[in-house]
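Here's a quick tour of one protein model, written for someone who likes to poke at voids, surfaces and contacts. Have the viewer open and follow along.

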Amino acid sequence: DLDEVAEDFWAYMFSAEGQAIVEEAGYIPADTEAPAYEGADLELSGSIDVNGSTSVYPVVEAAAEAYEEIHPEVQIAVHSTGSSAGVTSAIDGTTDIGMASRDLTEEEAAQVSDVQAVALDGIAVIVHPDNPVETLSVDEVSSIFSGEVSTWSEIVE
């Protein structure tokens, strides 16, 4: 369970202002219809510890800096230690908010109070113009990057 300060930072990350930071940082916002942040008038103080994913770190660090400008009596420490460390530390209570750039297992999700995406990943697949492949489905791209498919002949009919 989050204390009042961590809960407000959580709300900030998923507000319109937080999602604008996601986009400014070059990520894809998870919620383009997010509501405006309502906690700007709160008099908050304290500290928040955020730990986890190296790929989520830049956007959460940017959100933390913006939040600290609104609430100068709040200090947010964001640590880039990897998704598994973020999940584990959120479960065992050694961090307030864990960051993960992977789906949680059912067991992990059952041990935390909330799981929400702050940003989405985007990938671009580029092939040589002489390649006979004209389109790829999401499943085909997944099978290529997972190693299930290793030659174009497995995709091209």
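## Voids, a patch and a few pairs

The largest cavity has a volume of about 30 Å³. Keep in mind that this is a predicted model. With the rule used here, one cavity of 30 Å³ or more turns up. If you want to find it in the viewer, select Met13, Gly18, Ile21, Val22, Val59, Val60, Ala63 and Val118, which line it. Two helices, H2 (16-24) and H3, each bring at least two residues to that lining. As for chemistry, the cavity lining splits into seven nonpolar residues, one polar and no charged.

Now for the open space. The largest pocket comes in at about 910 Å³. It is lined by 37 residues, and those closest to its centre are Trp10, Gly98, Met99, Asp114 and Gln116. Which elements give two or more residues to the lining of this pocket? They are helix H1 (4-13), helix H3 (57-70), helix H4 (83-92), strand S4 (97-99) and strand S5 (119-120). Helix H3 is thus on both lists, since it also supplies at least two residues to the lining of the largest cavity. Sorted by class, the pocket lining has 21 nonpolar, nine polar and seven charged residues. In the cavity lining, by contrast, there are no charged residues.

On the outside, there's a nonpolar patch to look at. Ile123, Val125, Val127, Phe145, Trp152 and Val156 make it up, and together they have about 560 Å² of accessible area. Take valine 156 as one of its members: this residue is located in the segment after helix H6 (138-146). Its relative accessibility is 32%, so valine 156 counts as partly exposed. Why can valine 156 be in the patch at all? Patch residues need over 30% relative accessible area, and valine 156 has 32%.

Isoleucine 155 is also in the segment after H6. Is isoleucine 155 buried or exposed? The answer is buried, because its relative accessible area is 12% and the cut-off for buried is under 20%.

On to charges. Side chains of opposite charge can pair when their charged atoms come close. The structure holds one salt bridge. The partners are arginine 102 and glutamate 108, with 2.9 Å between the closest N and O atoms. The two ends sit in different accessibility classes: glutamate 108 is buried at 16% relative accessible area, whereas arginine 102 is partly exposed at 30%.

Finally, some C-alpha separations to check against your own distance tool.

| Pair | Apart along the chain | C-alpha to C-alpha |
|---|---|---|
| alanine 85 and glycine 52 | 33 residues | 5.6 Å |
| isoleucine 70 and threonine 32 | 38 residues | 22 Å |
| isoleucine 155 and glutamate 23 | 132 residues | 34 Å |
| serine 137 and isoleucine 155 | 18 residues | 10.0 Å |

A bit of context for these pairs. Alanine 85 belongs to helix H4, and at 31% relative accessibility this alanine is partly exposed. Its C-alpha atom is 5.6 Å from that of glycine 52, with their positions 33 residues apart along the chain. Isoleucine 70 lies in helix H3, and with 32% relative accessibility isoleucine 70 is partly exposed as well. Here the C-alpha separation, to threonine 32, is 22 Å.

Isoleucine 155 shows up in two rows: 34 Å from glutamate 23 and 10.0 Å from serine 137. Serine 137 is in the loop between S5 and H6, where its relative accessible area of 33% makes it partly exposed. That loop residue and the buried isoleucine 155 are 18 residues apart in sequence.

Technical notes. Residues numbered from 1 in each chain as written. Predicted model: local features only at pLDDT ≥ 70, side-chain atom pairs only at ≥ 80, totals over all residues. Heavy atoms only, no water. 1 Å grid on protein atoms, 1.4 Å probe; cavity = no way out; pocket = protein on both sides within 12 Å on 5 of 7 lines; lining within 4 Å. Points joined across faces, edges and corners; volume = space filled by probe spheres on them. Helix = DSSP H or I, 4+ residues; strand = E, 2+ residues; numbered from the N terminus. Nonpolar A, V, L, I, M, F, W, Y, C, P; charged D, E, K, R; others polar. Patch = residues over 30% accessible without salt bridge, like charges linked within 9 Å, V, L, I, M, F, W, Y side chains within 5 Å. Areas by Shrake-Rupley, 256 points an atom, 1.4 Å probe, with all protein chains shown as cover. Salt bridge = Lys/Arg side-chain N within 4 Å of Asp/Glu carboxyl O. Buried < 20%, exposed > 50% of the residue type's maximum accessible area, 1.4 Å probe, protein only.
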